[in-house]
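I opened this entry to follow one sheet and the helices around it, going strand by strand before turning to the packing.

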Amino acid sequence: MDMDLRILEQLTQIFGPSGSEEQVADFISAQIRPYCDEVINDTLGNLIAVRHGTGKKIMVAAHMDEIGLMITHIDKEGFLRFTPLGGVRTSNLVGQRVKFNRGRMGTIGVEKIAKPSDFKLDKLFIDIGAVSQNEAEQIVHLGETAVFVGDFVEVGSRIMAKALDDRIGCFVVIEALKRSKSTNELVFAFTAQEELGTRGAKTAAYVLEPDLAIAVDVTATGDTPKAHPMSVKLGSGVGIKVLDRSLITPPQIKRWMAAVAAEGNIPFQWEVLEYGGTDSGAIHLSRGGVPSGVISIPTRYVHSPAEMVDSRDVQAAVDLLVSLLEHPLE
Amino acid sequence: MLLKTLSELNGTSGAESLVRTFLQQTIEPFVDIINTDKIGNLIGIKNDSLSGPKVMLAAHMDEVALMIIDITGDGFLKFRPVGGIDARILVSKPVQINNSQVGVIGAKAIHLQKQAERQKALSFDQLYIDIGAKSKEDALSKVKLGDYAYFITKFEPFGDGLYKGKALDHRVGCALLAELLKNDYDFPIVAAFTVQEEVGQRGAKVAAHHLAPNFAIVLEATVANDISEGSDEGWITELGNGPACSLMDSSTLYNAKLIHWVRDVARQNDIPLQFPRGIGSGNDAGSIHISKVGIPTISLSVPCRYIHSFASVISEKDYRACYDLANALLKELPNIFEGSSINFAKEDQF
């Protein structure tokens, strides 16, 4: 079944840094409502959808938030100082365009730097074209957040855009949800504030009390010139997580995921990520513990305005999730 | 004076009992139920039977201090910090152990230091507490491993309505909370004077779970750096400009709708308000806001210079304004609890 990449395009372009996920939630809600019994917005900003069934209660999580910047100070000339929202790489920032919720664009500049080691976040500022503090304060306010500008572009079999982390996960879950004929009790959590430490997933898992959970998120790759050694490659199949900083996948979960992938001739690769974490990190420790795994989408340039995935891996991720929901771990 | 007593009491993480006992006596006349929970939080409850929003007010009781971890053969005490302490501020300061034993944090006199030594700050490994003991045995008759050493600082007013004292950065929230409990509100209030905030918001985590409120306000102090060189971008907050409402810190991203509400209520009531520039370290909100189904939480802080040191400094004006703002928010709360777009924690929605 063909994926509708126009939905992915729209998902990546919606404004949704951590803490401001409402528009992403509204978009997803409209997409999935016909396929679900209940759709709820929770306290922390998670979008939770339930499709009732008779079998195991399986939780599927993908986070809606993208990394961004938050304004901490507006100076007399109208320049904005900011703090990162999530894992923003300082070295990526100068010259980037950013966008605020109400549409105002800006670019990031840097003070005069005496030596390269002085290049720090507090030397950077956002210029939104305002000529005074007063004008800037009419347009943005302290605490307001911005995201990178990064168009959705298809390059061969590959796709690049901002916020593929983790709108690609949201997309995979939406596609699987539409296709799924599973008779199990399915609960879908499109989570908030993952980039700040899997905070939304924590409260969602508490509420949902699943028997089993799968998070869908991006992972890094080791297939670019002189990359940090990592065996994950773009286009080599969906990743099945073995370990990251937040989770070590239980053996029975790994066996189950690999067996279902092999059964369906779905290309997969084992993924060991030496840094970072996913929503499963929070979910597997909820209440008395929840056996949890992660479907990973290999992604280059994570946390940049041009994250890159391969559409064949995305297809494999959808196929795997659909099959897992139909054949849960006994 | 509440603030003076709270400042001068000793109580670090895991050893908050003197502070707890004092607060228990202070709030007893104003709450319906009072108890200490299993981890040591002091819990006071008002209007338990009323309907409406159940509001948690939280302030932590623990201050930073030093723990004795070893005693040398000569009877000097080696120590480690409990909570975040800058080793450079410690040299030659007097401390108090077990509320009676005085000691001095020692170091080589300037006369004996070599040029290179003068240019380098001493680390925890090099510092020790001298309690005048003649030997290890003598020291052990006065203190034991695991005892705490506290800063000794008299609480005093100075300048234009300023106060200095130890632990002000921690206990100012306790004072505000104790004062707020004297007021009448027509909805349930659960007050938590928490333990072990300085070592990772541990008491608040437990309290939020068993109290299960719909909304929480954390009362705190925050960094005022309005004394440093350079431009005001790095000041975080300024003394005298009113309470600070946190936008984001290392453990919480505060709900934007609640921030707008706080700003509006401050404006309507003519209460000065500032937003911290830059993000500080986390506070109890970090544990509370992700408890159970998620609990909408705000932090109101009194700006404080020299936090986590022997003498922190606050302004009475900020303290008063912080109290006024918390009180105004509580009075306004029932109006936004139902029917506003803010999603309050209601467990029965699932």
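Which residue of β11(B) stands opposite P157(B)? I looked this up in what is a predicted model, and found that the residue facing P157(B) is Y163(B). I then checked the pairing itself: β10(B) and β11(B), the latter spanning residues 162-165, run antiparallel and are joined by three bridges.

Next I traced the whole sheet, which is open and has three strands in the order β10-β11-β16 of chain B, paired antiparallel. Because β10 (156-158) and β16 (312-315) of chain B each have a single partner strand, they stand at the edges, and one side of each is left without a neighbour in the sheet. I noted an average turn of 30° between neighbouring strands of this sheet, with direction ignored.

I turned to the helices on the sheet. Helix α5 of chain B, residues 168-180, packs there by touching β11 and β16 of chain B, and its direction makes about 40° with that of β16(B). Helix α9 of chain B, residues 316-337, also lies across β11 and β16 of chain B, and I read its angle to β16(B) as about 60°.

Last, I followed α9(B) to helix α7 of chain B (residues 256-268): their axes come within 10 Å and cross at roughly 115°, in a right-handed crossing. On the α7(B) side I listed W261(B), V262(B), V265(B) and A266(B), and on the α9(B) side L325(B), A328(B), L329(B), E332(B) and I336(B). By class, I recorded eight nonpolar residues, one charged and no polar ones in this contact between α7(B) and α9(B).

Key
Residues are numbered from 1 along each chain as its sequence is written. Chains are lettered from A and ligands numbered from 1 in the order in which they are written. This is a predicted model: local features need pLDDT of at least 70, side-chain atom pairs count only at pLDDT 80 or more; totals for chains, interfaces and linings use all residues. Two strands pair if DSSP finds at least two bridges between them. Helices (H or I, at least four residues) and strands (E, at least two) are DSSP runs, numbered from the N terminus. Axes are lines fitted to C-alpha atoms, for helices over the stretch in contact, and angles run from 0 to 180 degrees between N-to-C directions. Two residues are in contact if their C-beta atoms, placed from the backbone, lie within 7 Å. A crossing is left-handed if the near helix is turned anticlockwise from the far one by less than a right angle, and right-handed if clockwise. Ala, Val, Leu, Ile, Met, Phe, Trp, Tyr, Cys and Pro count as nonpolar, Asp, Glu, Lys and Arg as charged, and the others, Gly among them, as polar.
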